[in-house]
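Reader: I should like a close look at one part of this model, taken together with the parts that surround it. Please set out the details in one connected account.

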Amino acid sequence: MKLQGCRALLTGASGGIGSALARALAQAGAQLALTGRRADALAETAAGLQPLGGCAHVLPADLEQGDALPGLVDRAVHALGGIDLLVHNAGLAEAGAADAPDPTTVDRQIAVNLLAPMALTRLALPHLLREGGTVVHILSGAALVPVPRLAAYSAAKAGLAAWGDALHREFAARGLHVLNVYAGPTDTPMLRRSPLAVAMATPESPEVLAAAVVQALRDNRRSIVRGGPQREAQLRAARDDPTVGDALHAGPGPMPRR
Ligand SMILES: NC(=O)c1ccc[n+]([C@@H]2O[C@H](COP(=O)([O-])OP(=O)(O)OC[C@H]3O[C@@H](n4cnc5c(N)ncnc54)[C@H](OP(=O)(O)O)[C@@H]3O)[C@@H](O)[C@H]2O)c1
């Protein structure tokens, strides 16, 4: 796709991978609407685009509040004059036992990682279909090989990957394109907070990941898997044969309840 002049709504733009994506998209010539809960952090991302010649609209919203989503899409359309690119980057990963008694963390992870992107895409679809739009999902290796203690996160990311592939197949003839990005460990606050991070490989920088996403958009790729060819082969093998994934994730038992 052509990024110069394209009108993009980017979620999770208040830090981590999202602010790197904002910079990479602005450098490629996109006009941006940035969303997340923290207005001050969004304003900081927007200010960081000015030296790059970019400017962005700051539209704070909480993706857990389903009734805020129509207003968010309306505000983005009003600010940008339309939406050609919708980047679902916001995410929430909370490690914990799958049988923890309090369902709140499960519900929140499904809301932010799966239900909100699906709802936002449905709301933005009339705009995306006007001139042939693109949807990007920032997923995770956990969407291909679900991870113990991240069961709700894995389920949400796998669900969003499936939604994206189905959506592309349903609407490609009308000009919609979906890019699924299977990110690897990336050096952000999310990874630094994770109690599972110690077991992970050397993380990628958010800037390198963002540059790869921009290149994938330019090349009209349908998916990318980060972490190198060896990781990609390992994830694909584990997806095709669950026992390979079982061996990859064999380790300590369930997480102690908090
Ligand atoms: N870091 C990794 O190793 C890694 C690996 C694979 C995939 N990913 C994926 O990459 C994406 C970005 O993650 P990150 O590492 O950059 O994490 P991060 O630093 O924790 O950033 C998460 C972003 O999501 C936004 N967000 C969270 N809950 C929200 C809510 N209820 N409403 C609106 N926005 C919300 C946050 O904004 P506010 O706090 O301002 O709301 C923030 O901008 C996520 O989808 C994540 O699953 C990350």
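Author: Arg149 is situated in the loop that runs between strand 5 and helix 5 (151-171). The model is a predicted one, and in it Arg149 adopts a positive phi of about 75° although this residue is not a glycine. Arg149 counts as buried because 21 C-beta neighbours lie inside 10 Å, the threshold for that class being 20 or more.

Strand 5, which precedes this loop, pairs with strand 6 in the parallel sense, over seven bridges. One of the bridge partners can be named: Thr134 is matched by His177 in strand 6.

Strand 6 (177-183) deserves attention in its own right. Seven of its seven residues are buried, so strand 6 is largely enclosed by the rest of the structure. In a regular strand, side chains alternate between the two faces of the sheet. Both faces of strand 6 are covered: one side carries His177, Leu179, Val181 and Ala183, the other carries Val178, Asn180 and Tyr182, and all of these are buried.

Strand 5 (134-140) and strand 6 also help to cover the buried residues of helix 7, and helix 1 (16-27) is included in that cover. Helix 7 comprises 13 residues, 206-218, and spans 18 Å from its first C-alpha to its last, close to the 18 Å expected at 1.5 Å a residue. Its buried residues are Pro206, Leu209, Ala210, Val213 and Leu217. These residues cover an arc of only 100° around the axis, and therefore lie on the same side of helix 7.

After helix 7 comes Asn220, in the loop between helix 7 and strand 7 (223-225). Asn220 is likewise a residue other than glycine with a positive phi, in this case near 55°. Is Asn220 buried or exposed? Asn220 counts as exposed, because it has 10 C-beta neighbours inside 10 Å, and the exposed class takes residues with 12 or fewer.

There remains the ligand. Of the 28 residues around the ligand, those that come nearest are Gly12, Gly16, Arg37, Gly91 and Met190. Strand 5 gives two or more residues to this shell, as do helix 1 and helix 6 (189-193). By class, the shell has 13 nonpolar, eleven polar and four charged residues. Strand 5 thus recurs throughout this account: strand 5 leads into the loop of Arg149, pairs with strand 6, helps to cover helix 7 and contributes to the shell around the ligand.

How values were computed. Residues numbered from 1 in each chain as written. Predicted model: local features only at pLDDT ≥ 70, side-chain atom pairs only at ≥ 80, totals over all residues. Helix = DSSP H or I, 4+ residues; strand = E, 2+ residues; numbered from the N terminus. Expected span 1.5 Å × (residues − 1). Arc of directions from axis to C-beta. Contact = placed C-beta atoms within 7 Å. Near = placed C-beta within 6 Å. Nonpolar A, V, L, I, M, F, W, Y, C, P; charged D, E, K, R; others polar. Pairing = 2+ DSSP bridges.
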